[in-house]
Amino acid sequence: MKEVDIAIVGAGTAGMTAAIYAKRSGLELALFEEYMPGGQIVNTGEIENYPALGKIGGFDYSMALLKQVESLGVKLIRKIAKKPPKIGLSFAAGAFIPKNESDPVSVEEARKKTFYKGMGTMNNRWWMDPILLGAPVSAYGVYRNGGKKVKEFKCDFDFIGINHYEAFNYSFFGGDKGIERSKLRQNSLGWVIDERSLYWTVKFIYERYRVPVMITENGVSLDDKPNEKGEVNDTERCRALEGFLKNLARAIDEGIPVLGYQHWSLMDNFEWAEGYEPRFGLIYVDYKTGERTLKQSAKRYKEIIKSNGEGV
């Protein structure tokens, strides 16, 4: 295979607009779909060794290329859009909850870990600093992200999306030690449910990057089943939904520009590596018949929306 001018990693909006740009410019390109369960890139080796890439290869370079493509895509959208667009990018983000939420020292310790420890490094800072600040990132003395061209990675976003489910305190990678997960609320995937994490994630992310925030994913996976009456009483999801929204309201009350909240998900669906077993939906789906049933959480969410959050 011959070498290509541009390799596009990922098939998102920015990646596809970059592909359009490349085609219009007469450039040869290779497009790769990236798959990232749990925040880990599993096809890095394939990217590195693929013959069509020629001299392009390596983890650091592929990451730099991905970010450069995002920046290119944003510029292209703004150039060709007929009306002024609102452009953002969603990040699988999180935060450490302070051990003492009323202690400034504890808050600052949690803030630092949110960007410099474990998941804070690899899920937050690794992606966000180059894309939102144009700042390089190094991690664990092995990975480097940015280099001399890092300022080219900076994207002029109108907002950033946050996909959030679990506080980093409970992560198996760099989380707090000595936590007895068995004594904590968990979803069906074993993720700890601690609704405070949404407040601290929004707060720390906004205060670092100063870009309006949209919650693009947040929810709870449960082993939902209809009862003998055909009802799905997902009381834990109702509790979590109210808790997450209460903490999001706290951020809004403090003046953080939160543009909206999108619950994951409307209906039970295929959850990538986990398949059909985890159910995140507000609507129960019988996968054999296709029948759909409003869960208790759907009715509760309707009430919350109708009252604009009163009583949450």
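Helices and strands here are DSSP runs, counted from the N terminus. With that in hand, we can place a first residue: phenylalanine 172 sits in the loop between strand 6 and helix 6. Please keep in mind that this is a predicted model.

**A first look at the chain**

Let's start with the whole chain. Its secondary structure amounts to eight helices and ten strands. The chain has 312 residues, and 50% of them count as buried. About 16,700 Å² of surface is exposed, and carbon and sulfur atoms supply 52% of that area. Now take the contacts in the chain with a separation of 6 or more: residues 24 or more positions apart account for 63% of them.

**Inside the core**

In soluble globular proteins, nonpolar side chains tend to be buried together. In this chain, the largest nonpolar core has 57 residues. Among the residues with the most contacts inside this core are Phe91, Leu132, Phe157 and Tyr261. Helix 6, which covers residues 196-209, gives the most to the core, with eight residues.

Which residues does leucine 132 touch, once its neighbours within four places in sequence are left aside? The contacts of leucine 132 are Phe91, Lys154, Phe157, Ile160 and Tyr209.

Phe91 also belongs to strand 3, which runs over residues 88-92. In a regular strand the side chains alternate between the two faces of the sheet. Strand 3 shows such a pattern: Leu89 and Phe91 point to one face and are buried, while Gly88, Ser90 and Ala92 point to the other face and are not buried. Strand 3 pairs with strand 6 (residues 159-163) in the parallel sense, over five bridges. In this pairing, leucine 89 has isoleucine 160 of strand 6 as its bridge partner.

**Charged partners**

Let's turn to the salt bridges, of which there are 22. Three of them are set out below.

| Salt bridge | N to O distance |
|---|---|
| Arginine 111 and glutamate 207 | 2.6 Å |
| Aspartate 194 and arginine 196 | 2.7 Å |
| Arginine 250 and glutamate 254 | 3.8 Å |

Arginine 111 and glutamate 207 form a salt bridge. Arginine 111 lies in helix 4 (residues 104-116) and glutamate 207 in helix 6, so their salt bridge ties together parts that are 96 residues apart in sequence. Arginine 111 is partly exposed, with a relative accessible area of 22%, and glutamate 207 is partly exposed too, at 28%.

Is aspartate 194 buried or exposed? Buried means under 20% relative accessible area, and aspartate 194 has 10%, so it counts as buried. Its salt-bridge partner is arginine 196, and arginine 196 counts as partly exposed at 31% relative accessibility.

Arginine 250 and glutamate 254 meet through their side chains. Arginine 250 is partly exposed at 32%, and glutamate 254 is partly exposed at 44% relative accessibility.

Salt bridges can also link up into a network, and here one joins Asp224, Asp234, Arg237, Asp268, Arg279 and Lys295.

**Out on the surface**

Some nonpolar side chains are found on the surface as well. Tyr140, Val142, Tyr143 and Phe173 make a nonpolar surface patch of about 400 Å². Valine 142 is in the loop between strand 4 (137-139) and strand 5 (143-145), and at 52% relative accessibility valine 142 counts as exposed.

Let's return to phenylalanine 172. Phenylalanine 172 is exposed, with a relative accessible area of 77%. From C-alpha to C-alpha, phenylalanine 172 and glycine 118 are 9.0 Å apart in space, while 54 residues separate them in sequence.

**Backbone details to look for**

Most residues other than glycine have a negative phi, and most peptide bonds are trans. Which residues are joined by a cis peptide bond here? They are tryptophan 264 and serine 265, with omega about 5°. Serine 265 has its place in the loop between strand 8 (258-261) and strand 9 (283-285).

Tryptophan 272 lies in the loop between strand 8 and strand 9. Its phi is positive, about 50°, although tryptophan 272 is not a glycine. Tryptophan 272 counts as exposed, at 62% relative accessibility.

Asparagine 308 has a positive phi as well, near 55°. Asparagine 308 is found in the segment after helix 8 (296-306), and it is exposed, with a relative accessible area of 72%.

Definitions and conventions: Residues numbered from 1 in each chain as written. Predicted model: local features only at pLDDT ≥ 70, side-chain atom pairs only at ≥ 80, totals over all residues. Heavy atoms only, no water. Core = buried A, V, L, I, M, F, W, Y, C linked by side-chain atoms within 4.5 Å. Buried < 20%, exposed > 50% of the residue type's maximum accessible area, 1.4 Å probe, protein only. Helix = DSSP H or I, 4+ residues; strand = E, 2+ residues; numbered from the N terminus. Contact = heavy atoms within 4.5 Å. Patch = residues over 30% accessible without salt bridge, like charges linked within 9 Å, V, L, I, M, F, W, Y side chains within 5 Å. Areas by Shrake-Rupley, 256 points an atom, 1.4 Å probe, with all protein chains shown as cover. Salt bridge = Lys/Arg side-chain N within 4 Å of Asp/Glu carboxyl O. Pairing = 2+ DSSP bridges.
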